[in-house]
Amino acid sequence: MKKIIRKIAPNFLINFYHFGLAFLGAVLYFFPSRKMKIIGVTGTNGKSTVVYLISKILEEAGFSVGSVSTIKFKIKDREWLNTLKMTMPGRFKLQKFLRQALNQGCQYVVVEVSSEGLLQSRHKFIDFDAAIFTNLTPEHIETHGSFEKYREAKGKLFKSLRGSKKSKTTSIINLDDPNADYFLKFEADRKIGYGLNSEPTDKVSNFLKAIKTEATDQGLKFVLADTTFNLKLRGVFNIYNSLSAIASALSQGIDLKTCKRALEKIEVVSGRMEEVISSPFKVFVDYAHTPDALSKAYSALPKDSLKICVLGSCGGGRDKWKRPKMGEIASQFCNQIILTNEDPYDDNPVQIIKEIASGIQNQSIGLTEILDRREAIKQALALAKKGDTVIITGKGSEPWMCVAGAKKIPWDDREIAREEFKKLTLR
């Protein structure tokens with residue numbers, strides 16, 4: 001029924017509907033964001049990680065914190081999985097969460113903000129103190145109609161800063177991203193830029209540049225303003241994520257020493273380059289579900305190991321263009337590729353796999369197609385030898401697999417990998 005309504009109803013009516021629900025939600029819960037500091041994080045990749053990093057820094061600084069991300073909900077010490085299969089909850093759920101966080105004494109709430117959430121006005125009547133832009137690469141093109149409209153949707157978060165009733169607003173921008181100028185054009189009381197390759201510009205009041213960067217199998221190292229950070233996280237992309245979190249902390253008067261203490265304590269971000277098996281071979285689980293994220297995840301793997309890669313692609317008619325691209329990227333990094341099912345929704349999972357396979361250029365690579373995702377993971381582990389690396393991408397720590405008929409099957413790539421590894425070692 002919803003699909004039919006979307007097709008026949010004019011856009012202005014749909015927009016009014018979403019706006020109205022946002023207003024009602026805020027009224028029902030008495031505009032809770034006005035009494036807390038709200039930090040919004042948007043972009044294509046890295047959002048959940050940045051939400052987590054900011055939360056940890058704020059907690060290290062002694063603040064009571066709530067957070068909303070694709071991974072989980074958190075209010076102070078209580079946390080629970082996000083089982084909604086959506087990054088940003090609906091208007092009533094989000095406003096209710098903010099009210100609960102306020103009632104529990106939270107001083108800050110960090111919110112992962114999605115393009116679809118922005119399109120549906122879920123951010124309306126939330127007074128954001130800061131907006132963070134991580135990066136932008138093509139995604140959800142079918143939903144938005146074009147990359148430009150997708151970017152425009154992301155910009156709504158920054159546009160909302162202008163209407164915030166807070167005394168000071170901050171925008172934090174990754175200046176290394178080609179779309180930085182678009183997000184810099186939105187008004188804010190102060191603008192902070194960060195990056196690895198950019199140079200200071202008068203478009204921002206402060207610029208954070210990481211230097212002497214190192215990415216190894218043990219973690220990351222970089223220097224920022226004479227402070228050396230040694231992180232346990234993997235991948236250069238996590239230097240960017242850390243810089244955005246540090247910029248957010250600095251905007252709130254938190255010093256670099258506190259940022260360093262907090263970030264260096266973090267062992268892993270759930271389902272993001274998470275090492276679930278360490279010996280005799282390594283197994284990583286990562287959420288990477290876009291070409292850019294997949295390439296960055298593969299780049300973060302141990303350099304000299306044989307790589308066995310398990311991947312699929314979402315269905316639901318979303319971003320079909322990326323399926324062959326995912327196959328192409330896998331063929332550039334992997335020695336053995338196992339294509340499998342991954343949230344097919346109502347699309348034909350066999351067809352999805354064929355479309356991914358069509359992008360695989362290197363015919364000398366071992367290629368296997370196994371529709372059953374558990375069997376695919378089992379096969380990857382059976383192929384792995386001492387010193388090899390297995391990486392399972394696309395779902396990360398998601399607790400569901402979405403299949404035809406709007407059914408959700410309980411799932412966790414990390415637990416499946418551990419279960420199948422245990423069976424393997426018991427033989």
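Buried means under 20% relative accessible area, exposed means over 50%, and partly exposed is in between. Keep that handy for these exercises on a predicted model.

**Exercise 1. Work out whether Tyr-150 and Phe-147 are buried or partly exposed, then describe how their rings pair.**

Step 1. Start with Tyr-150: its relative accessible area is 0%, so it is buried.

Step 2. Now Phe-147: at 21% relative accessibility, this residue counts as partly exposed.

Step 3. Find them in the chain. Both sit in helix 7 (residues 147–161), three residues apart, which is about one turn of the helix. An α-helix has 3.6 residues a turn, so residues three or four places apart point the same way.

Step 4. Look at the rings. A search of the whole structure turns up 16 aromatic pairs. In the pair Phe-147 and Tyr-150, the ring centres are 6.2 Å apart and the planes are at 55°, so this pair is tilted.

**Exercise 2. Do the same for Tyr-298 and Phe-333, and say which parts of the chain they tie together.**

Step 1. Tyr-298 has a relative accessible area of 1%, so it is buried. Phe-333, with 26%, is partly exposed.

Step 2. The ring centres of Tyr-298 and Phe-333 lie 5.6 Å apart with the planes at 45°, so we call this pair tilted.

Step 3. Tyr-298 belongs to helix 11 (residues 291–299) and Phe-333 to helix 12 (residues 322–333), so the pair ties together parts that are 35 residues apart in sequence.

**Exercise 3. Check whether the span of helix 4 agrees or disagrees with what you'd expect.**

Step 1. Helix 4 covers residues 91–103, which is 13 residues.

Step 2. The rule is 1.5 Å times one less than the number of residues. For helix 4 that gives an expected span of 18 Å.

Step 3. The end C-alpha atoms of helix 4 are 18 Å apart, which agrees.

Step 4. Take a look at what follows: just after helix 4, Gly-105 has a positive phi of about 90°.

**Exercise 4. Follow the salt bridges of Lys-85 and find which parts of the chain they link.**

Step 1. Set the scene: the whole structure has 26 salt bridges. Side chains of opposite charge can pair when their charged atoms come close.

Step 2. Lys-85 meets Asp-343 in a salt bridge at 2.9 Å, N to O. Asp-343 is in the loop between strand 16 (336–339) and helix 13 (349–357), while Lys-85 is in the loop between strand 4 (78–81) and helix 4, so to speak distant parts of the chain, 258 residues apart.

Step 3. Compare the cover. Asp-343 is buried, with a relative accessible area of 0%, and Lys-85 is partly exposed, with 25%.

Step 4. Lys-85 also meets Glu-398 in a salt bridge, at 2.7 Å, N to O. Glu-398 is in the loop between strand 18 (389–393) and strand 19 (400–403), so this pair ties together parts that are 313 residues apart in sequence. At 14% relative accessibility, Glu-398 counts as buried.

**Exercise 5. Name the residues of the nonpolar surface patch and the helix that gives the most to it.**

Step 1. The patch is made by Phe-19, Phe-23, Leu-24, Val-27, Leu-28 and Phe-92, and has an area of about 510 Å².

Step 2. Helix 2 (residues 11–28) gives the most, with five residues.

Step 3. Try one residue: Val-27 is found in helix 2, and at 36% relative accessibility it counts as partly exposed.

Terms used. Residues are numbered from 1 along each chain as its sequence is written. This is a predicted model: local features need pLDDT of at least 70, side-chain atom pairs count only at pLDDT 80 or more; totals for chains, interfaces and linings use all residues. Side-chain values use heavy atoms; hydrogens and water are left out. Helices (H or I, at least four residues) and strands (E, at least two) are DSSP runs, numbered from the N terminus. Patches are made of residues with over 30% relative accessible area and no salt bridge: like charges are joined within 9 Å, nonpolar side chains (Val, Leu, Ile, Met, Phe, Trp, Tyr) within 5 Å. Accessible areas come from the Shrake-Rupley method with a 1.4 Å probe; for residues, only the protein chains shown count as cover. A salt bridge is a side-chain nitrogen of Lys or Arg within 4 Å of a carboxyl oxygen of Asp or Glu. Buried means under 20% relative accessible area, exposed over 50%, partly exposed in between (1.4 Å probe, protein chains only). Rings of Phe, Tyr and Trp (its six-membered ring) pair if their centres lie within 6.5 Å; planes under 30 degrees apart count as stacked, over 60 as edge-to-face and the rest as tilted.
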